[in-house]
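Let's take a walk through this structure together. Have the 3D view open as you read, and turn it around whenever a new part comes up.

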Amino acid sequence: MGRWSAEYHAGARSKRFTAPSFVPYPENMNPSKRLQDKVCLVTGATRGIGLAITRMLVAEGASVAICGRSEPSVSQAILTFRDESPSKVKGKVADVSDCDQVQELFAFVIREFGGLDVLVNNAGIGSFASVSDTTPEQWAATLATNLTGTFYCSREALHRFRKPMDGNPGGGHIVNISSLAGKNAFAGGGAYNASKFGVNGFSEALMLDARYNNVRVSTIAPGSVATEFAGGRGENGRDWKVWPEDVAEIVRMVLCMPSRSMVSYVEVRPSRPKRKA
Ligand SMILES: NC(=O)c1ccc[n+]([C@@H]2O[C@H](COP(=O)([O-])OP(=O)(O)OC[C@H]3O[C@@H](n4cnc5c(N)ncnc54)[C@H](OP(=O)(O)O)[C@@H]3O)[C@@H](O)[C@H]2O)c1
């Protein structure tokens with residue numbers, strides 16, 4: 001018998017102990033319903049992890065806005081939802097490293113869906129070279145997309161999340177897709193490591209700031225995921241890498257936690273990685 005249970009039974013016998021009055025599940029008892037009708041924005045969702053997260057959110061009953069940098073890639077991604085949920089997914093071309101485009105993206109979300117509950121900062125790029133071979137342009141683009149883009153979008157979300165009203169606490173949830181490279185540096189990772197170490201530090205500060213306003217912040221740090229990231233081929237490595245759908249599943253679990261709890265940082269790595277030669 002656990003301690004609480006033992007005390008309860010002893011107390012009940014002596015009539016001195018009253019059970020705690022908290023309600024264990026004040027919100028929807030069914031975690032699978034917690035994303036129903038939520039409005040979500042996933043950045044960089046034209047393929048890979050972002051597209052898998054979008055699929056998961058749609059399957060959970062959410063409405064989702066997505067973005068990418070080019071019209072063909074955004075239209076192509078939206079087309080994949082035309083049979084199941086055409087009105088549930090809307091897309092806009094937006095480069096997260098451009099502050100004006102980010103503001104237009106959030107205005108689009110509010111216009112199309114009437115509010116915002118969840119932001120997934122997923123858009124990211126990687127260029128890998130020794131520091132001496134990294135060009136200033138590669139450095140600037142990597143930091144601007146991965147780190148500054150996360151700041152621009154998070155800041156905008158904080159201004160756009162719902163305000164408390166009529167007993168509804170308001171607020172929202174920001175999920176930042178970081179990387180194990182945000183904690184473990186490697187040769188050739190100068191720009192990417194710097195951007196993702198930055199994302200981790202930023203996310204933690206954001207989490208500590210925003211929780212008092214009912215905003216939860218979760219950072220997810222995947223290892224190798226089978227996508228086209230940095231010129232990779234998605235199907236390569238599906239026999240040992242994490243799949244984008246696995247990262248989406250973690251995002252689902254994190255978002256579906258009871259609102260009193262916040263999963264602030266999760267690492268997801270291949271369970272059987274290739275042995276290093
Ligand atoms: N794959 C991995 O092994 C791995 C591991 C750890 C972490 N991650 C992280 O996971 C996230 C997603 O990566 P992924 O593997 O899914 O890569 P991916 O297949 O290359 O997809 C990247 C997505 O980001 C979009 N994007 C890139 N730059 C953008 C910008 N400036 N503004 C808006 N959208 C932009 C791309 O769309 P367009 O090209 O259409 O613009 C695309 O939809 C990244 O943050 C990455 O760092 C990946």
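We'll start with the sheet, move on to the core, and end at the ligand. One thing to keep in mind on the way is that this is a predicted model.

Look for the strands to begin with. Seven of them make up an open sheet, and if you step across it you meet them in the order E3-E2-E1-E4-E5-E6-E7, with parallel pairing. At the two edges sit strand E3 (89-93) and strand E7 (265-268), each of which has a pairing partner on one side only. On average, neighbouring strands in this sheet are turned by 15° against each other, if you ignore direction. As for what holds such an arrangement together, strands of a sheet pair through backbone hydrogen bonds, either parallel or antiparallel.

Now zoom in on one pair. Strand E1 (residues 39-42) runs parallel to strand E4 (residues 118-121), and 3 bridges join the two. Pick out Val42 and you'll find that its bridge partner in E4 is Val120. Helices come into the picture too: helix H3 (residues 71-79) packs on the sheet, where it touches E2 and E3, and its direction makes about 175° with that of E3.

Next, the core. The largest nonpolar core has 58 residues, and those touching the most other members are Cys40, Ile53, Ile66, Val120, Val247 and Val251. Take Ile53: leaving out residues up to four places away in sequence, it touches Val42, Ala45, Val120, Asn122, Ala248 and Val251.

Close by in the sequence is a residue worth a stop, Thr54, which belongs to helix H2. Is Thr54 buried or exposed? Thr54 is buried, because 29 other C-beta atoms lie within 10 Å, and 20 or more are enough to count as buried. Setting aside neighbours within four places in sequence, its contacts are Val42, Ala45, Val64, Ile66 and Val89. One of these, Ile66, is 12 residues away from Thr54 in sequence, and the two are 7.8 Å apart in space, C-alpha to C-alpha.

Finally, find the ligand. There are 31 residues around it, and Gly44, Gly48, Gly68, Arg69 and Gly124 come nearest. Helix H2 (48-59), strand E2 (63-68) and helix H5 (136-160) are the elements that each give two or more residues to this shell. The largest share, 3 residues, comes from H2, the helix where we met Thr54. By type, the shell divides into 10 nonpolar, 17 polar and 4 charged residues.

Conventions
Residues are numbered from 1 along each chain as its sequence is written. This is a predicted model: local features need pLDDT of at least 70, side-chain atom pairs count only at pLDDT 80 or more; totals for chains, interfaces and linings use all residues. A residue is near a molecule or strand if its C-beta atom, placed from the backbone, lies within 6 Å of it. Helices (H or I, at least four residues) and strands (E, at least two) are DSSP runs, numbered from the N terminus. Ala, Val, Leu, Ile, Met, Phe, Trp, Tyr, Cys and Pro count as nonpolar, Asp, Glu, Lys and Arg as charged, and the others, Gly among them, as polar. A residue is buried if 20 or more other C-beta atoms lie within 10 Å of its own, exposed if 12 or fewer, and partly exposed in between; C-beta atoms are placed from the backbone. Two residues are in contact if their C-beta atoms, placed from the backbone, lie within 7 Å. A nonpolar core is a set of buried Ala, Val, Leu, Ile, Met, Phe, Trp, Tyr and Cys residues joined through C-beta atoms within 7 Å. Two strands pair if DSSP finds at least two bridges between them. Axes are lines fitted to C-alpha atoms, for helices over the stretch in contact, and angles run from 0 to 180 degrees between N-to-C directions.
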